[in-house]
Structure formats: structure tokens, C-alpha cells
Amino acid sequence: MAEQPSHAASHDHDHKPHGWRRWVYATNHKDIGTMYLILACTMFFIGGGMAMLIRLELFKPGLQFFDPQFFNSMTTMHALIMIFGAVMPAWTGLANWMVPMQVGAPDMALPRLNNFSFWILPFAFTLLLSSLFVPGGAPAGGWTMYPPLVLQTGASFPMLVFSVHLMGASSILGAINIVVTIMNMRAPGMTLLRMPLFVWTWLITAYLLIAVMPVLAGAVTMLLTDHFFGTTFFTAAGGGDPVMFQHIFWFFGHPEVYILILPAFGIISEVIPTFSRKPLFGYEAMVYAVASIAFLSFIVWAHHMFTVGMPLAAQLFFMLSTMLIAVPTGVKVFNWTATMWKGSLSFEPPMLFALAFLFLFSIGGFSGLMLAIVPADYQYQDTYFVVAHFHYVLVPGSIFGIMAGVYYWLPKWTGRMYDLKLATWHFWLSAIFVNVLFFPQHFLGLAGMPRRIPDYAVQFTDWNMVSSIGAFGFGLAQFLFPYIIWKCVRGGQPIGNKAWEGAHGLEWELPSPPPYHSWTTPPSDAVIARGAAH
Amino acid sequence: MHSHTSTPDAAPHEAERRRRVRRSALLFALIAAGFYFGFILMALVRGWK
């Protein structure tokens, strides 16, 4: 701690702005990180509310509460809000808070750009959500926005396209900032292979974002010109090709899946060693595995389109390349397990969420392998099996990864310990209900229930009821999360620099909470070496 | 970067770092723009065949 002033002294020199200016004109990475996390939490509850409406309608067969158009709007908006509004901003918020502190930098490389990247988002989501109130209702053609269906959207179509452009611009600018920060702002001695895994996974995620978000923007620009300017990129009648949209969309869409999950790999790689009191097993193999997964994510996109029709050679290529992803993913799961082997394990909330991630994300991975088998995919395509698969990847995968990260670093951010008992309750309720919610959807899909429908045949009733009960339980349990954070901020037990006995990394060398401007003097090589104990 | 972090000895290093930050940010912005216009161009070329 020789490099940092004492806790009290550092607060005397914070010079932080006060009132609304602190947030509107924010250039401090911690303030911007906090705003991203608050936005993500808000969107999580809005998107979650839509999920509750979907499960309410599906509790029984027949049309109970909503007309089919509104139901389709809910499925479309739920996906857009959760992907672009909850998970991606949560990762960017965590990156803003942690990356500069973990690499020994005083702030992000481009602080004003950081402010701009954040403040685009509230406008993007206001625009998207306000489409619920225009004639014709919100977009209802699915988050994949396939033409020609999406071109039938009413007045909300340009709102959808513009909000997707804004979200994309925010993500690209944020990703550029993170890459530039990691490449240029590391403290002397913080070599690439000394960086924490969370920083590594975010570096690779940022490269993915820079490569694929512009592709989505290009696709929706072409939709816009098809709709308003008479072009026929995706209109067969004018010589265009609607299937080309699907290829372009999924060239973005599959790497997007890894954008949503790779930072979770980083967090799990921080949490498991801490609560196993052992260094991470196979650090370098973990880095190469993440890089391999990112590379492979660019050459598997057409596995989302097997039933569209493609040559046999293409089917084989996309099937085998998809299965190849299981190899680096298997390396990661093996290394996390090996890290715990003969470790001195304890089960605080971040570790519980990390362990649930390990088991449940693997279930999502296995069902992904099943979907990669072309002849089997012909049966599974557009059924609830697909819904179960990607929700196992995204809820106990990405969302539990975010929960693990927040519960891991919250004491560092606030300088206070949260209510561990309540957070353990939050974990168990979430872990039980997430399985009640999504596991029966495998059975529904295998029995042939199609996705994106407000009504279904009566033989699907029982498992739909179970799934809806799971949804309501899971949704209610999430209200514990903001309450635990609020309670911690208001009056948790003060803690020292290290919240967790086994924690390593530069962030734990700083006081808790860290000073407004941390690492104004770069950490020494000895401090960096102590932090990089992998 | 906060000015009070720089020492007289660190100033040339700091200026070089600012240059590198600017250069790499522009490079990545160009790559992103390349993907955006590249895919639209690809769709146009495909339509003309």
C-alpha cells in the first residue's frame, strides 16, 4: 500500500464534482461504471417484467390476457432489452469499474468518449420503449428482425432501426475505449500475461464488438433503405435476397452470443481461485481458450440457419466448426474444476453463483451441441428446446456471471460488506427457480411446442404451468438483489482493502472504497507481481 | 489523463502515450467503419450480379 495514500487522505484529494454535474458531465470511470450498472439493473427489471407477461399468457392454453400482436411485441422487446439493455451495459459497467483498477491505470484512455458512450444509451432505450405507444405497437417481428416480416412493422420500424443504431454506436465506442485503455494504459510491469482473466476476456470481447456491431448496423441500415428508399437488398421481387439478411444478421449474432458470455468467463476465473484459495489452474491455456472461442465464433454463424437450406458441404462445415467450440470450452470447464481440486473451498455468494454457472452453463453448452447436429436440428428448430438452450446460456450463464461479479466486487466499491445471508437466499431462490423455469422447456421443445406463440395445444399445459411458476419465483427473487445492494450502501459493515481472504489482483491493493482517482501513481512491480498470483 | 499525475520526467512519455491512444482509437474506428461499409458494399455487389 505504499503507492496509494491512506483512505482518509485520498478522499481529501478527490476533487469530485457534486450534484447532477457529477453524473451528466462524468468522466470518472467509477461514476460511469456505476451509471452503466444502474441502467443495466433498470433494464433487467423492465425486460424481466415483459418475461413475466409472456409467462403469464403461457400459463394456460388459449388467449388469456393479450392479443397475439402484443405477445409478439413482448417477445421481441424482451430480447432486445435484455441483450442490449441489461447484459451488455452490465458488462460495460463492470469493465468501467474494474479494468483501470486491475491494470493499474488512473482512468479509461478516453474519458469524454466514455461519457458519450454511456449517455447515448438512455436515449436509445427511451426511443425503443416509447415504440410501445405508437400506432401499430412495438416491433413484433422478433429480435432477429428478419425481412420480409420486419418490413411489415408499423410506425415503430424507424424507431427500432434508430435505437439499434444508437445501441451499436454506444457499444463500438465503449469497445474502442476498452481496447485502447488495455493496450496503452497498463502500469509498467503489467505485461499481457500478467493481466487478470477479466481484463483478458474483455479485451477479446471488445475486439468482437468492434468487428460485429458495425455489421448489425449495416444490416439494419439496409432494412431502413428497403423500407423507405425503394432499395431491394432483401426483397426477392426486386432481385434482392431475404436469406442474405439472415447470413449478415448471424455473422453478427453468433459472436454476439460470445460478447454476452466471455466476460462471465473472466469473472468466474477471478471468483473460483479466490474462494478455492488456489491460483487459477492453467492461466495461459485459459487465455488461449478464450481467444480460440472468439475466433471460432466467426465461422459458425449458419448453424442458426440449417433449415433455411444450404449445400451439404456447408451443413457439414458449420456443424463441425460449431462442435469444435466444445474443445476450448471444455478446457475452461476442466481448468475451473482443477482450480477447485484440493482447494480450501468456502461458499460465499460469489462462489455459489460461480458454481451454479459452471453446472448450468454446461447444460446450455450440451444442448447447444445437440442443436449443432444438422439432422437433429431439423427437429429442434423453432421449438422450445431452442428457447431452453439459449436461456440456460444467458440466465445462469451471463446473468449469474454478472451476479457473481457484483457480489465479488461490491464490498470493494462501497467499502462495506453486504448481508451475506440475504445474498445466499438470493442465490438459492434464483438457482432453484431458474431450473423450474427453463428445464421443462426442454421437454416442451422435444414434444414439439413451437416458440413465439401466445397459444398452444393442450398437451403442453402441465410443463408450461411449471415453467410459469418458476418464472414468477425467479422474478420475485430478483427484487432481493437491489435491496441487498441498497442495504450494503446504506449501512454494511466496513471492510479493509481485501474483502475476501483469498483474493489477488491490483484492485485489492487499493483502499475500500477506492479513492475517486486511483493509481494516480502507477503500482510498483512488486505490487503487480503480488496481484498477478496466477 | 489527469495532469497532476505527470512529473517533469514523465512528460515526454505522457505525450507519446497520448499519441498512441489517439492513433489506436482512430485505427479501431476505421476498422469498425470498414466492417459497416464493407458489408453494405458486399450486399450491393451481390445484387448487381
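**Entry 1: two cis prolines**

I started at A:Pro513, which I found in the loop between strand 2 (493–494) and helix 18 (525–531) of chain A. This is a predicted model, and in it the peptide bond from A:Ser512 to A:Pro513 is cis, with omega near -5°.

I then looked up A:Pro148, which has its place in the loop between helix 5 (111–130) and helix 6 (157–184) of chain A. The bond leading into it, from A:Pro147 to A:Pro148, is cis too, and I read its omega as near 5°.

**Entry 2: stepping back to chain A**

How many helices and strands does chain A have? I counted 18 helices and two strands. Chain A has a radius of gyration of 23 Å, close to the 24 Å that the globule rule gives for 534 residues, so I noted chain A as being as compact as a globular protein of that length. Along the principal axes, its C-alpha atoms fill a box of roughly 70 × 50 × 45 Å.

I also asked how much of chain A is buried, and the share is 54% of its 534 residues. Among contacts in chain A with a separation of 6 or more, 83% are between residues 24 or more positions apart.

**Entry 3: helix 11, side by side**

Next I followed helix 11 (residues 326–340) of chain A from end to end. Its 15 residues should span 21 Å at 1.5 Å a residue, and I found its end C-alpha atoms 21 Å apart, which agrees.

Which residues of helix 11 are buried? My list for this helix of chain A holds A:Thr329, A:Lys332, A:Trp336 and A:Thr339. They cover an arc of only 85° around the axis, so they sit on the same side of helix 11 of chain A. A reminder to myself: an α-helix has 3.6 residues a turn, so residues three or four places apart point the same way.

On the other side of helix 11 of chain A, I found A:Val327 and A:Thr337 exposed. What covers the buried residues of this helix? The cover includes helix 8 (242–276), helix 9 (283–296) and helix 12 (349–372) of chain A.

**Entry 4: two positive phi values**

Just after helix 11 of chain A, I came to A:Lys342. It lies in the loop between helix 11 and helix 12 of chain A. Its phi is near 60°, a positive value in a residue other than glycine. Is A:Lys342 buried or exposed? I put it down as exposed, because 9 other C-beta atoms lie within 10 Å.

A:Asp382 gave me another such case: its phi is positive, about 65°, although this residue is not a glycine. I located A:Asp382 in the loop between helix 13 (374–380) and helix 14 of chain A. With 13 other C-beta atoms within 10 Å, A:Asp382 counts as partly exposed.

**Entry 5: a proline inside helix 14**

I moved on to helix 14 (residues 384–414) of chain A, where A:Pro396 lies. Why does A:Pro396 count as buried? It has 27 C-beta neighbours inside 10 Å, and 20 or more is the cut-off for buried.

I also listed its contacts, leaving aside neighbours within four places in sequence: A:Ala356, A:Phe357, A:Leu360, A:Phe361 and A:Val434. For a distance along the chain, I took A:Val406, ten residues from A:Pro396, and found their C-alpha atoms separated by 15 Å.

**Entry 6: chain B and where the chains meet**

Chain B came last. It has one helix and zero strands, and buried residues make up 14% of its 49 residues.

How many residues does each chain bring to the contact? I noted 24 residues from chain A and 20 residues from chain B. On the side of chain B that touches chain A, the residues divide into 13 nonpolar, four polar and three charged.

**Entry 7: how far to trust it**

I finished with the confidence scores. The model scores ipTM 0.88 and pTM 0.94. Chain B averages a pLDDT of 81, and 73% of its residues score at least 70. Over residues 1–8 of chain B, the pLDDT is below 50, and I noted that this stretch has nine contacts in the model beyond near neighbours in sequence. Where pLDDT is low, the predicted coordinates should not be read in detail.

Conventions:
Residues numbered from 1 in each chain as written. Chains lettered and ligands numbered in written order. Predicted model: local features only at pLDDT ≥ 70, side-chain atom pairs only at ≥ 80, totals over all residues. Helix = DSSP H or I, 4+ residues; strand = E, 2+ residues; numbered from the N terminus. Rg over C-alpha atoms; globule rule 2.2 N^0.38 Å. Buried ≥ 20, exposed ≤ 12 C-beta atoms within 10 Å, placed from the backbone. Contact = placed C-beta atoms within 7 Å. Nonpolar A, V, L, I, M, F, W, Y, C, P; charged D, E, K, R; others polar. pLDDT = per-residue confidence, 0-100. Expected span 1.5 Å × (residues − 1). Arc of directions from axis to C-beta.
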